[in-house]
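Me: I would be grateful for a close look at one part of this protein chain, set in the context of the whole model. Please keep the account connected and formal.

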Amino acid sequence: NSIWVSTDHDEIEKVAKQFGARVHRRSPEVSQDSSTSLEAIREFLNHHPEVDIVGNIQATSPCLHPSDLVKVADLIQKEGFDSVFSVVRRHQFRWSEVKKGENKMTEPQNLNPAKRYRRQDWPGELYENGSFYFAKRHLIEKGYLQGGKMAYYEMRAEHSVDIDIDIDWPIAEQRVLSFGYFGKEPLKEVKLLVCSIEGCLTNGRIYVTEDHKEMVSYDYRDIVGIDLLKKRGIQVRLISERDCSKTLSAMQLGCVAKISATNKLQVLKDWQEDMGLSWKEVAYLGNEECDVECLKQAGMSGVPADACAAAQKAAAYICKSRGGCGAVREFAQHIFLLLEKVNSARKQ
């Protein structure tokens with residue numbers, strides 16, 4: 001019913017509100033390095049008597065899908081469970097630890113070495129992965145996040161990433177690239193990429209000479225990205241609110257372009273209908289508020305790292321590269337990774 005960010009940090013509060021969350025300011029008492037999530041949640045409930053159920057989503061588990069949360073909420077609201085927590089299935093053989101200096105042998109914990117089987121033939125074990133904990137108010141007030149009528153929710157392995165140490169971070173990044181949120185419909189083959197010129201293909205800056213001529217800069221990596229997309233059979237079209245015909249002529253990209261576009265969404269709809277495409281076959285790369293509706297409509301959407309907050313909120317993928325500095329090339333690679341997943345699923 002409501003989404004909150006619990007923090008004692010001004011900048012985190014600012015960003016949370018930009019993305020539509022409400023903010024609970026933590027007290028210094030529950031903002032220590034040794035403070036627990038349960039302490040912060042209990043403080044939150046003290047200020048919000050209207051809340052009956054809390055879903056505690058851990059920030060260190062970035063691959064969690066919204067559909068999982070909907071199903072978990074139903075377990076509590078419709079099926080009467082008091083608490084639900086996330087688990088993942090692991091196929092790992094465990095052995096007892098032998099501490100340094102102890103004169104004893106290790107022992108198998110969950111296998112018989114004499115009848116060892118292949119791990120892929122073993123159903124595995126369920127491990128709590130820390131992605132989320134849902135619980136009713138009466139349990140939390142007693143000091144529990146797990147209790148009463150309990151249930152676990154098994155997450156898919158590719159969505160179960162817990163960032164505890166530095167090495168977990170690049171692993172999480174690759175999981176997001178490969179298994180990011182696709183929406184309610186299955187991903188289809190992308191047939192068209194529409195890219196905003198200013199702020200995506202270029203860095204948005206316009207250089208004016210003494211004789212009143214305009215110049216812009218672009219990154220050659222982005223031109224390579226456009227060529228790679230074309231080789232994969234994906235059409236690339238460009239769009240701009242400005243009249244930048246001279247710029248496009250100089251760049252010689254060979255792409256269909258619409259300039260002086262006062263309504264980008266209408267242009268996008270016209271192209272989609274003319275090509276006979278579903279929205280799931282259209283990708284869009286934008287960076288400004290005028291791109292927001294296009295980003296929401298397209299089946300695959302992305303923005304450069306320096307896009308405005310409204311565009312970032314509407315996009316499914318935020319590039320690490322800034323506009324005019326490789327963002328198009330990076331988004332192209334993102335598309336290729338997702339299409340590999342589609343092709344793999346078809347083969348299976």
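What follows is a request about one short stretch and a single reply.

Me: Please examine the stretch that holds Lys-258 and Ser-260. Where does Lys-258 lie, and which residues does Lys-258 touch beyond its neighbours in sequence? Please add what is needed on the chain as a whole, on confidence and on the cysteines.

Reply: The model is a predicted one, and a word on confidence should come before the details. The mean pLDDT of the protein chain is 87, and 93% of the residues reach at least 70. Confidence varies among the elements: strand S6, residues 150-155, has the highest mean pLDDT, at 96, whereas helix H8, residues 245-251, has the lowest, at 69. Over residues 181-185 the pLDDT stays under 50, and the model shows eight contacts for these residues beyond four places in sequence. Where pLDDT is low, predicted coordinates should not be read in detail.

The setting is a protein chain of 348 residues, 42% of which count as buried. Its secondary structure consists of twelve helices and 14 strands. The C-alpha trace spans about 80 × 55 × 45 Å along its principal axes. Of the contacts with a separation of 6 or more, 59% join residues 24 or more positions apart. The accessible surface amounts to about 20,400 Å², and carbon and sulfur atoms supply 49% of that area. The chain carries 48 positive and 50 negative side chains, with 6 Å between the centres of the two sets.

Turning to the stretch itself, Lys-258 belongs to strand S11, which covers residues 256-258. Its relative accessible area is 37%, so Lys-258 counts as partly exposed. Leaving aside residues up to four places away in sequence, Lys-258 touches Leu-238, Ile-239 and Ser-240, together with Val-267 and Trp-271. Of these partners, Val-267 and Trp-271 fall within the range of helix H9, 264-274. Leu-295, 37 residues from Lys-258 along the chain, has its C-alpha atom 17 Å from that of Lys-258.

Ser-260 is found in the loop that links S11 to helix H9. Its backbone is notable for a positive phi of about 55°, although Ser-260 is not a glycine. Most residues other than glycine have a negative phi. Ser-260 is partly exposed, with a relative accessible area of 39%.

Two charged residues elsewhere offer a contrast in exposure. Lys-231, in helix H7 (residues 220-231), is exposed because its relative accessibility is 72%, over the 50% limit. The C-alpha atom of Lys-231 is separated by 28 Å from that of Asp-243, twelve residues apart along the chain. Asp-10 lies in helix H1, residues 10-18, and at 57% relative accessibility Asp-10 is likewise exposed. The C-alpha atoms of Asp-10 and Lys-320 are 24 Å apart, with their positions 310 residues apart in sequence.

The cysteines remain to be considered. The count of disulfides is zero. For Cys-195, the closest cysteine sulfur is that of Cys-200, at 5.0 Å, and a disulfide requires sulfur atoms within 2.5 Å, so the pair is too far apart for a bond. Cys-200 is accordingly in no disulfide, its nearest cysteine sulfur being that of Cys-195. Both residues are buried: Cys-195 has a relative accessibility of 2%, and Cys-200 has a relative accessible area of 0%.

In short, the stretch pairs a partly exposed lysine at residue 258 in strand S11 with a partly exposed serine at residue 260, whose phi is positive.

How values were computed. Residues are numbered from 1 along each chain as its sequence is written. Side-chain values use heavy atoms; hydrogens and water are left out. pLDDT is the predictor's confidence in each residue, from 0 to 100. Helices (H or I, at least four residues) and strands (E, at least two) are DSSP runs, numbered from the N terminus. Contact means heavy atoms within 4.5 Å. Buried means under 20% relative accessible area, exposed over 50%, partly exposed in between (1.4 Å probe, protein chains only). Accessible areas come from the Shrake-Rupley method with a 1.4 Å probe; for residues, only the protein chains shown count as cover. Lys and Arg count as positive and Asp and Glu as negative; His and the chain ends are not counted. The place of a charge is taken as NZ of Lys, CZ of Arg, CG of Asp or CD of Glu.
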